[in-house]
Amino acid sequence: MKKKIVVTGGAGFIGGNFVQFMVKKYPEYDIYNLDLLTYAGDLTKHRDIENEPNYHFVKADIADRESITALFEKEKFDYVVHFAAESHVDRSITNPEIFVLTNVLGTQVLLDAAKANNITKFVHVSTDEVYGELDFDPTTFFTEDTPLQPNSPYSASKASSDLLVRAYHETFGLPVNITRCSNNYGPYHFPEKLIPLTISRIVNDQKVPVYGDGKNIRDWLHVLDHCAAIDLVLHEGVTGEVYNVGGHNERTNLEVVKTIIKTLGKSEDLIEFVEDRLGHDKRYAIDPTKLEQLGWKPTYTLETGIAQTIQWYLDNKEWWERIISGEYQEYFEKQYNGK
Ligand code: NAD
Ligand code: DAU
């Protein structure tokens, strides 16, 4: 059946992969990519689908109540899948305010618009970082019942938005799901995050900054496995429920960096230990049992996924060089004439 789905943040890393996934998988759905095109938004990744009849782009700020209200009234969307956010922890340490504005106020504006237009489902894409950190005991995991204890301004803003989504369900009966995923990697990952930063620097024989002793652990998931999880939750998730997303791929940051160096045949002398991130969370690890019971299973191991991702960055050097140089931001101006 025809459905209208608005995907916020569809010019970013995960939202962009999700838009591509949905446009191709569901030709009968209309997919609206709603994005402000901040530094993290890039439309060049959608060149191959921009003329598809079921793909639409709208430039808007989720925190701009007037535009969002008007857009929702006009388009009468069935589903909202909400990715748009400020997403980089380091930026939240230097400039927390925009994280509150976009992640908290922006989410509340969308919730109001969804409520006013009797949306069928609102999927809020959150993060495992809202649970805080785990210690290094490998038998402990984040479950959906783990208390929220965010440590960075980024994760605090995401936890705040989660609580608003929950409240709109409890108070107004808005049909919502919240997903909390571990660290993603894969094509079109913005090169300020660990994996793409490492690949782009190692390829150019530049040093890779590893924070602290490099022993912090992250739980990595290929972005397409995350997209499949969100698709499943959108269609099958029990209203009001939270679902953790992760594939049991825990690695120290040093292990990840060394794997990339080895695959690219370069020297470990390129590793540079630098000052630690403030409030650096020690370890994240997801228990995905609840989502698996809904029918989800990851398709990538970290080994296959990292190898494919490194190859993608080698094959798409032009894309990340344009990101690093800032050239990508001119594309929107030319293509859409700033409108
Ligand atoms: P990203 O930074 O790559 O993309 C964010 C997108 O949101 C960009 O296209 C940007 O232009 C857009 N945006 C920012 N502010 C906006 C605003 N005010 N109005 C409209 N659009 C705006 O982020 P990502 O890594 O793709 O993460 C997407 C979502 O997934 C975020 O909500 C993040 O918290 C969550 N998440 C990320 C990861 C990860 O590993 N990257 C893991 C779990 C959850
Ligand atoms: O866990 C999910 C989260 O994963 C998402 O919610 C965030 O949006 C996403 O950015 C990511 O957050 P992290 O802080 O874990 O990702 P990042 O790639 O910034 O860092 C991964 C680890 O690598 C972290 O322990 C810090 C470290 N690091 C990062 C950078 C950028 C370094 O050692 N050196 C670096 O240069």
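## Working through the contacts

The side chain of His280 reaches the side chain of Asp276 in a polar contact of 2.6 Å. A polar contact is a pair of N or O atoms within 3.5 Å; within protein, one must be able to donate a hydrogen and the other to accept it, and residues adjacent in sequence count only if both atoms are side-chain atoms.

This is a predicted model: local features need pLDDT of at least 70, and side-chain atom pairs count only at pLDDT 80 or more, while totals for chains, interfaces and linings use all residues. Residues are numbered from 1 along each chain as its sequence is written, chains are lettered from A and ligands numbered from 1 in the order in which they are written, and side-chain values use heavy atoms, with hydrogens and water left out.

### Exercise: the setting of His280

Task: find where His280 lies, and decide whether His280 is buried or exposed.

Solution. Start with the chain: His280 belongs to the loop between β12 and α9. Helices (H or I, at least four residues) and strands (E, at least two) are DSSP runs, numbered from the N terminus. Next, look at the cover: with a relative accessible area of 11%, His280 is buried (buried means under 20% relative accessible area, exposed over 50%, partly exposed in between, with a 1.4 Å probe and protein chains only). Finally, add the other partner: the side chain of Asn216 is in polar contact with the side chain of His280 at 3.3 Å.

### Exercise: around ligand 2

Task: list the closest residues of ligand 2, then work out how its shell is made up.

Solution. First, count the neighbours: ligand 2 is surrounded by 21 residues, and the closest are Thr127, Asp128, Tyr154, Arg277 and His280. A residue is near a molecule if one of its heavy atoms lies within 4 Å of it. Second, sort by class: eight residues are nonpolar, seven polar and six charged. Here Ala, Val, Leu, Ile, Met, Phe, Trp, Tyr, Cys and Pro count as nonpolar, Asp, Glu, Lys and Arg as charged, and the others, Gly among them, as polar.

Third, follow the oxygen atoms of the ligand. An oxygen atom of ligand 2 lies 2.7 Å from a polar side-chain atom of Asn183. For Glu129, an N or O atom of the side chain is 2.8 Å from an oxygen atom of ligand 2, and for the side chain of Arg218 the distance is 2.9 Å. Taken alone, ligand 2 exposes 690 Å², and the protein buries 93% of that (areas come from the Shrake-Rupley method with a 1.4 Å probe; for residues, only the protein chains shown count as cover). Two or more residues of the shell come from each of α6 (194-203) and β8 (208-211), and β8 gives the most, with three.

### Exercise: around ligand 1

Task: which residues come nearest to ligand 1, and which element gives the most to its shell?

Solution. Begin with the neighbours: of the 29 residues around ligand 1, Ile14, Asp35, Ser87, Tyr154 and Lys158 come nearest. Then turn to the elements: α1 (13-25), β5 (121-127), α5 (153-172) and β7 (183-185) each supply at least two residues, and β5 gives the most, with three. By class, the shell holds 14 nonpolar, eleven polar and four charged residues.

Now check the polar atoms. A nitrogen atom of ligand 1 is 2.8 Å from a side-chain N or O atom of Asp61, and a nitrogen atom is 3.0 Å from a polar backbone atom of Ile62. An oxygen atom of ligand 1 lies 2.9 Å from a polar backbone atom of Asn184. Alone, ligand 1 exposes 830 Å², of which the protein buries 96%.

### Exercise: rings in pairs

Task: classify the pair formed by Phe142 and Tyr284, and do likewise for Trp312 and Trp319.

Solution. The whole structure holds 15 aromatic pairs. Rings of Phe, Tyr and Trp (its six-membered ring) pair if their centres lie within 6.5 Å; planes under 30 degrees apart count as stacked, over 60 as edge-to-face and the rest as tilted. Phe142 and Tyr284 have ring centres 6.3 Å apart and planes at 40°, so this pair is tilted. These partners are 142 residues apart: Phe142 is in the loop between β5 and α5, Tyr284 in the loop between β12 (271-274) and α9 (289-294). Both Phe142 and Tyr284 are buried. For Trp312 and Trp319, the centres are 5.7 Å apart and the planes at 65°, so the pair is edge-to-face. Ring pairs join Tyr188, Trp312, Tyr313 and Trp319 into a cluster.

One last step: the charged end of Arg218 sits over the ring of Tyr284, 3.9 Å from its centre (NZ of Lys or CZ of Arg must be within 6 Å of the ring centre and within 35 degrees of the ring normal).
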